[in-house]
Amino acid sequence: MTTCAGLTIKGPLTAEYGQILTEAACSFVVDLVREFRPELHQLLATRQQAQARFDAGALPDFLPETAHIRQSDWQVAAIPADLQDRRTEITGPVDRKMIINALNADVKVFMADFEDSQAPSWQGVIEGQINLRDANLGTISYSDPQSGKQYALRDNPALLIARVRGLHLWERHLEVDGAQVPGSLVDFALYFFHNYQIRKKKGTGVYYYLPKLQSHKEAAWWDKVFRFTEARFQQPVGFIRATVLIETLPAVFEMDEILYSLKDHIVALNCGRWDYIFSYIKTLKNHPDRVLPDRQVVTMNQPFLSAYSRLLIKTCHKRGALAMGGMAAFIPAKDPVANAAILQKVTADKSLEANNGHDGTWVAHPGLAATANAVFDAKLGEKPNQLHVLREQDAPISAAELLQPSEGERTEAGMRTNIRVALQYIAAWISGKGCVPIYGLMEDAATAEISRTSIWQWIKHGKSLSNGQLITKALFSQMLTEESAVVRSEVGEELWQQQSFDKAAALLLSITTADELVDFLTLPAYELLV
């Protein structure tokens, strides 16, 4: 245990890690935590109070007290030149090799992720900061110890944006005044401190993605963090710019207010569709008429998701902000026929987004970049974005549309797939991997969350599968045992032991059969993280 400028460090501190946790960097973290941690505790308590109302039967709705913001005429600050064209973005963890591959991909933006695709081990958090510092310097390289292959940046790499952890996640290896510090502030502070001068010299700012916000008050908290930081380092207001993921159900009713709260710092909202589906389940968990069907049929064609996409576009463009589309989680297949089918699905998904008016989209793999680019190139032509698409002819989107229940079956095959996906993801996560290819999809925490909360909700409300089987805790436990055997045969005994699959199965059983829904699987999983 080490103390640095009031920051207690409980993780190993190598000489290389010391380049990140310098006296000045630690002092900045401490000042941010002391200034903003108390209000964050209040915001998290407010989340619980809102959820208690939803659990008691209330439904999310537009806020009457902020109607004046929705009804008045205002715009966010002008979008910087290097953020105006974001037609294709790739996302991934802050692993050194993956950063290089992502920055070299045929995309406009790489979102380096400390959140859903990154398991926040001490090594992952600090080495991620080292990797991003080197990426901003342009010096990042990597030699694969197995193959000997060398990785280095090409000319004109993608624009780098960092995504910090959600407000609910804490960093157990760092303490201020005897208490853990918010992981979001650690990621934000260390990235800003070590990169703001490099980026300023390049004529750009420091850019972030903010995940899982549930209200405009949380957005206002971030705005205060940004202003505090800009003032401390004598940078102009707006040097920090953010894209906010609208990936919780409460937030979709406060998009105008979120933009307004961050209007000097925000450039875009993003349809974080997978977390949004998870949040729909979690927010409405006590509502028996809002239970979702199989994950596989909850696509953007479902009315509640279509309404969400269209409202986000209309709201953003009215206020001069970009409206980013969601993730294509497919992984290219080696078989040409299978790959053609994948690319056809990606094209259809991205065409829906582009035709709705989105300004860009996400892919999880460099092999999908050309397909996404082709769709948006055809739609945009020479224009950098679709800010001109205002959707003014649309009828107002109501709360009922945003909450509309989904049609579709709950199948045995779907339930078993959910179990296998969640099991494999949790096992990978607790062994330090947050981004995992499973059955042709790049899975992250959001998709694992959907998998386990769907089953929890089916059990709670006594739903049946399409074959007539009642979904109970006992049925889930039986299927978990059976599907664990399937996964064990698929991954092999060595990986099964290496990734502590038995611990993952025990955790999955515990959180899926609990009487109260566990808010985030990453909270109990963090206690098992290697």
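Colleague: Why are helix 15 and helix 16 called oblique to each other?

Modeller: In this predicted model, helix 15 (residues 412–430) and helix 16 (residues 445–460) pack at an angle of about 135°. Under 35 degrees is roughly parallel, over 145 roughly antiparallel, 65 to 115 roughly perpendicular, and the rest oblique. The 135° angle falls in the rest, so helix 15 and helix 16 are oblique. Their axes (lines fitted to C-alpha atoms over the stretch in contact, with angles from 0 to 180 degrees between N-to-C directions) are 9 Å apart.

Colleague: Which residues of helix 15 and helix 16 make the contact?

Modeller: With contact meaning heavy atoms within 4.5 Å, helix 15 brings Met415, Asn418, Ile419, Val421, Ala422 and Tyr425. From helix 16 come Ala445, Ala448, Ser451, Ser454, Ile455 and Trp458. By class, that gives 9 nonpolar, 3 polar and no charged residues. (Nonpolar covers Ala, Val, Leu, Ile, Met, Phe, Trp, Tyr, Cys and Pro; charged covers Asp, Glu, Lys and Arg; the others, Gly among them, are polar.)

Colleague: And what makes helix 16 oblique to helix 19?

Modeller: Helix 16 and helix 19 (residues 501–512) pack at about 40°, again with axes 9 Å apart. That angle is what makes helix 16 oblique to helix 19. Arg452, Ile455, Trp456 and Ile459 of helix 16 meet Leu508, Ile511 and Thr512 of helix 19. This contact has 5 nonpolar, 1 polar and 1 charged residues.

Colleague: Where do the helix and residue numbers come from?

Modeller: Helices (H or I, at least four residues) and strands (E, at least two) are DSSP runs, numbered from the N terminus. Residues count from 1 along each chain as its sequence is written, and side-chain values use heavy atoms, leaving out hydrogens and water. Because the model is predicted, local features need pLDDT of at least 70 and side-chain atom pairs 80 or more, while totals for chains, interfaces and linings use all residues.

Colleague: Is alanine 5 buried, partly exposed or exposed, and why?

Modeller: Buried is under 20% relative accessible area, exposed over 50%, partly exposed in between, using a 1.4 Å probe and protein chains only. Alanine 5 has 30%, so alanine 5 counts as partly exposed. You'll find alanine 5 in the loop between strand 1 (2–4) and strand 2 (7–9). Its phi is near 55°, a positive value in a residue other than glycine.

Colleague: What about arginine 391: buried or exposed?

Modeller: Its relative accessibility is 18%, so arginine 391 counts as buried. Arginine 391 sits in the loop between helix 13 (369–380) and helix 14 (399–402). Although arginine 391 is not a glycine, its phi is positive, about 50°.

Colleague: How do you know which strands are the edge strands of the sheet with the order 1-2-8-9?

Modeller: Two strands pair if DSSP finds at least two bridges between them. Strand 1 and strand 2, for instance, are joined by 3 bridges and run antiparallel. Threonine 3 has threonine 8 as its bridge partner in strand 2. In this open sheet of 4 strands, the pairing is antiparallel. Strand 1 and strand 9 (179–182) each pair on one side only, which is what marks them as edge strands.

Colleague: Which strands does helix 2 lie across?

Modeller: Helix 2 (residues 23–55) lies across strand 1, strand 2, strand 8 (170–176) and strand 9, running at about 115° to strand 8. Helix 6 (residues 183–201) also packs on the sheet, touching strand 8 and strand 9.
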